[in-house]
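Here is a set of exercises to work through with the model open beside you. Try each task yourself before you read the solution.

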Amino acid sequence: AHLLTDFPWRVWAQTTPTAVALQTDAGPLSWRALAARLDRLCAGFQRQGASSGALVALRGKNSLPLLLSWLALLQAGARVLPLNPQLPPATLQPLLRSLRPDFMLDLAELLPDNLPGLPHPVPAALRIKSAPQQAASPAAWRPEAIATLTLTSGSTGLPKAAAHTFQALLHSAAGVNQLMNFNAAESWLLSLPLCHVSGQGIVWRWLLAGACLMLSDAPLPQALCGCSFASLVPTQLWRLLQQPQRPAALKATLLGGAAIPPDLVARAEAAGISCWCGYGLTESAATVCGKRANNRPGVGKALSGREVRIVDGEIWLRGATLASGYWRDGQLQPLINPHGWFATGDLGRWQQDELQVLGRKDNLFFSGGEAVQPEAIESLLMRHPAVMQAFIMPQADEEWGARPVALLMLTPGRTLESVAAWAREQLASFQRPVRWLTLPEGFTQGGIKLSRQQLAQWLQAQQ
Ligand code: 4YB
């Protein structure tokens, strides 16, 4: 099924030219104005050689120039590889060596000159330069072409680059728009990074619906003013609830990226914020399952175009939103297993017709012969009102092999002792953390989720 007949902004510039496409701190931009700006940027990129088939690494934080460059590059026929500006050189260098982008557009202004040891040949630096609109000759709209390479946030080893076609990205958007009734009358805040599928998901839902996208540099509570939709990771919702005022126009919040504590959702609902729970991954172009929050811990059913099955306790996925493969050394490497499914590495089960995510297979460890699933303990700890975030990590132990350690982020003024005493009663002895530590404030800032690798390093340094 072809969902659109041209690049979406060109479609809307024809059908609803004066409707507001983008709302930024600098004011609104109509679809007509947006399409005209993208034509000029597209022509500018094409003049620099970034045209059909080119792979362009695009590095920067969310901003209007980043978004416009992204869309203009797609219109020029290039494939976009978004890079998180926080990726350390030790990760970036081997990645670029393996992905070999032809160009680099660096809005964080550090690369390629300031980074030693870049691959040879160094990707050519691309700049934002407008050319006359007439000079633009957009690439043909080919829904089956690869649009983006998105890096996974794998806990071990180098990130992998999931290659998504326009079609897959739009199918992903269609399922969510249908579930949440997101349409042209609504606005969605770009509340998550574009280098992550959670941010990209927002962009494709906006583009498919012909709705309004909100972009703001203001802190989240202010940025949400006037928005009807937002995507949040649970910690963002936590922080939002600490604020006295609530975003009046907000109709729906899509939560995801990590286990969604039912008590957090209940508190948000009580504050008048309607929550939707989602489960998704990079490889599935964000949301696979979703539901309007209820009082159950599940993430709902597969949205249209997706299929979910549980095999030996593991969540397997299939459908139109999956990546075509991982891009490596100039080729697509398969992502699906011999049965035709993508094995997620997440453990899950069906409960009352809803998928329940139980944790990552590779987080499981053994303590005195007992299996410890960190996420099971974490979800218990997060039911305590003082706990904003909880992580359970294994600590090597001669007698037990490993024992659980708790790393917590607490609301101000609360102590570890009170949480530990409360939790003792509710955990089996092998689940009881033998050490309790507070994570420093700022540890969770920046990236959308904490890597357990990073937590393990921090824990190591606390001995
Ligand atoms: C979960 C989980 C869940 C992911 N329970 N573990 O548009 C959206 O769907 C969205 C909205 C708000 C916030 C985030 C999103 C996302 O896209 C998140 C997508 C994501 O996190 N992708 S990822 O590749 O970085 O990580 C995927 C992993 O995250 C999964 O394999 C799970 O382990 C975990 N996860 N949603 C429990 N509801």
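**Exercise 1. A loop residue with an unusual backbone**

Task: Decide whether Asp329 is buried, partly exposed or exposed, and find where in the chain it lies.

Solution. Start with the surface: Asp329 has a relative accessible area of 42% and is therefore partly exposed; buried means under 20%, exposed over 50% and partly exposed in between, with a 1.4 Å probe and protein chains only. A word on the source: this is a predicted model, in which local features need pLDDT of at least 70, side-chain atom pairs count only at pLDDT 80 or more, and totals for chains, interfaces and linings use all residues. Residues are numbered from 1 along each chain as its sequence is written, and side-chain values use heavy atoms, with hydrogens and water left out.

Next, the location: Asp329 sits in the loop between strand E18 (325–328) and strand E19 (331–333). Helices (H or I, at least four residues) and strands (E, at least two) are DSSP runs, numbered from the N terminus. Finally, look at the backbone: the phi of Asp329 is near 45°, a positive value in a residue other than glycine. Most residues other than glycine have a negative phi.

Now repeat the steps for Asn181. Its phi is positive too, at about 55°, although Asn181 is not a glycine. Asn181 belongs to the loop between H5 and strand E9 (187–189), and with a relative accessible area of 52% it is exposed.

**Exercise 2. An aromatic cluster**

Task: Work out which ring pairs Phe7 forms with Trp9 and with Phe166, and which residues make up the cluster.

Solution. First, the rule: rings of Phe, Tyr and Trp (its six-membered ring) pair if their centres lie within 6.5 Å, and planes under 30 degrees apart count as stacked, over 60 as edge-to-face and the rest as tilted. This rule gives 10 aromatic pairs. Phe7 and Trp9 are stacked, at 5.4 Å centre to centre with 25° between the planes.

Then take Phe7 with Phe166: the ring centres are 6.0 Å apart and the planes stand at 80°, so this pair is edge-to-face. It links distant parts of the chain, since Phe7 is in the segment before helix H1 (8–15) and Phe166 is in helix H5 (residues 166–180), 159 residues apart.

Now check burial. Phe7 is buried at 2%, Trp9 is buried at 0%, and Phe166 is buried at 5% relative accessibility. To finish, follow the ring pairs outwards: they link Phe7, Trp9, Trp141, Phe166 and Trp204 into a cluster.

**Exercise 3. A small open sheet**

Task: Find the order of the strands in the sheet that holds E24, E25 and E26, and say which strands stand at the edges.

Solution. The 3 strands form an open sheet in the order E24-E25-E26, with mixed pairing; two strands pair if DSSP finds at least two bridges between them. Strand E24 (387–397) and strand E26 (435–438) are the edges, each with a single partner strand, so one side of each has no neighbour in the sheet. On average, neighbouring strands here are turned by 25° against each other, direction ignored.

Look next at one pairing: strand E25 (residues 401–410) and E26 run parallel and are joined by 4 bridges. Within this pairing, Leu407 stands opposite Leu437 in E26.

Last, see which helices lie across the sheet. Helix H11 (residues 416–424) lies across E24, E25 and E26, at about 140° to E26. Helix H12 (residues 452–461) also lies across E24, E25 and E26, at about 65° to E24. The axes are lines fitted to C-alpha atoms, for helices over the stretch in contact (heavy atoms within 4.5 Å), and angles run from 0 to 180 degrees between N-to-C directions.

**Exercise 4. Enclosed strands**

Task: How many residues of strand E7 are buried, and what covers the faces of E12: buried or exposed residues?

Solution. In strand E7 (residues 146–151), 6 of the 6 residues are buried, so the rest of the structure largely encloses this strand. E7 pairs with strand E8 (residues 161–165) in the antiparallel sense over 5 bridges, and Ile146 has Thr165 as its bridge partner in E8.

For strand E12 (residues 252–255), both faces are covered: Ala252 and Leu254 on one side, and Thr253 and Leu255 on the other, are all buried. Strand E11 (residues 229–232) runs parallel to E12, joined by 4 bridges.
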